Amino acid sequence: MSTNGVPRAPARTGSADPRAARVRDRLRRAAFELIEGRRVERISVSDITQLAGVSRQVFYQHFRDRDDAVAQAVAASFRELAPGDGEDPRAVIHRLCEFSARHAELYRNLYPSAASQQTANAYRDLLHPACLRLVEHLPDPATLADFVLGGIIEILRLPAEGSAAPATAESLRRRVDACLDVISGASVTAHFEA
């Protein structure tokens with residue numbers, strides 16, 4: 001804890017040292033693998049360190065706690081979905097649909113937990129710029145981007161949560177595209193007929 005009451009970041013969190021980056025990556029990959037198979041509360045720091053092949057001391061040089069490691073692991077996987085320069089914003093959203101369908105169990109294992117808010121923020125950070133690009137031609141694009149973002153999150157959340165039938169990447173893309181087509185003024189009849 002720092003003198004102002006804010007928790008200090010672990011010493012190696014932002015280290016550019018290639019060895020530290022490799023260890024941090026191994027820890028993140030271990031945390032990601034574990035969260036795909038079990039609920040957060042059933043994962044321990046020892047589970048992560050054993051799978052990564054490092055000590056607890058090394059773990060705490062990179063992460064504050066288990067939830068920090070899990071959240072950063074999931075956030076890192078979202079960053080891999082980030083758009084390329086000038087890429088169609090729908091392509092980013094489609095990749096997220098594929099990720100969500102492929103990793104639905106991850107969502108169920110993550111929510112609710114202390115790591116879920118950090119993960120939700122990373123999700124929003126990835127999607128918001130794409131949503132803003134989709135509505136930049138409309139009045140009040142900032143508000144509309146928030147609205148579109150919320151709708152996409154809801155479409156992806158329900159099947160993963162078990163509130164709707166399990167979804168395929170294709171069914172998620174079709175549902176998201178139907179909503180995006182309404183915003184862009186295209187006909188949506190074809191999306192809902194499938």
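**Exercise 1. Follow helix α9 to its end: which residue comes next, and what is the sign of its phi?**

Step 1. Just after α9 you reach Gly-185, and its phi is positive, near 90°. A quick word on what you're looking at: this is a predicted model, where local features need pLDDT of at least 70, side-chain atom pairs count only at pLDDT 80 or more, and totals for chains, interfaces and linings use all residues. Numbering starts from 1 along each chain as its sequence is written, and side-chain values use heavy atoms, leaving out hydrogens and water.

Step 2. Now walk back along the helix (a DSSP run of H or I, at least four residues, numbered from the N terminus). α9 covers residues 169-184, which is 16 residues. From first C-alpha to last it reaches 22 Å, close to the 22 Å expected at 1.5 Å a residue (1.5 Å times one less than the number of residues).

Step 3. Look for its buried residues (under 20% relative accessible area; exposed is over 50%, partly exposed in between, with a 1.4 Å probe and protein chains only). Among them are Leu-172, Val-176 and Leu-180, along with the charged-type names Arg-173, Asp-177 and Asp-181.

**Exercise 2. How many aromatic pairs are there, and how are the rings of Phe-78 and Phe-99 arranged?**

Step 1. Rings of Phe, Tyr and Trp (its six-membered ring) pair if their centres lie within 6.5 Å; planes under 30 degrees apart are stacked, over 60 edge-to-face, the rest tilted. That rule gives 6 pairs.

Step 2. Phe-78 and Phe-99 have ring centres 5.4 Å apart and planes at 70°, so they sit edge-to-face. This pair links distant parts of the chain, with Phe-78 in α4 (residues 66-79) and Phe-99 in α5 (residues 89-102), 21 residues apart.

Step 3. Phe-78 is buried at 4% relative accessible area, and Phe-99 is buried at 6%.

Step 4. Try Tyr-107 and Tyr-111: at 4.4 Å centre to centre and 25° between planes, they're stacked. Tyr-107 is buried at 19%, while Tyr-111, at 25%, is partly exposed.

Step 5. Finally, Phe-78 and Phe-99 join Phe-32 and Tyr-123 in one aromatic cluster.

**Exercise 3. Which element gives the largest share of the largest nonpolar core?**

Step 1. A nonpolar core is a set of buried Ala, Val, Leu, Ile, Met, Phe, Trp, Tyr and Cys residues joined through side-chain atoms within 4.5 Å. The largest one has 48 residues, and those touching the most other members include Phe-78, Leu-27 and Ile-152.

Step 2. Elements giving two or more residues include α1, α8 (141-161) and α9.

Step 3. The largest share, 9 residues, comes from α7.
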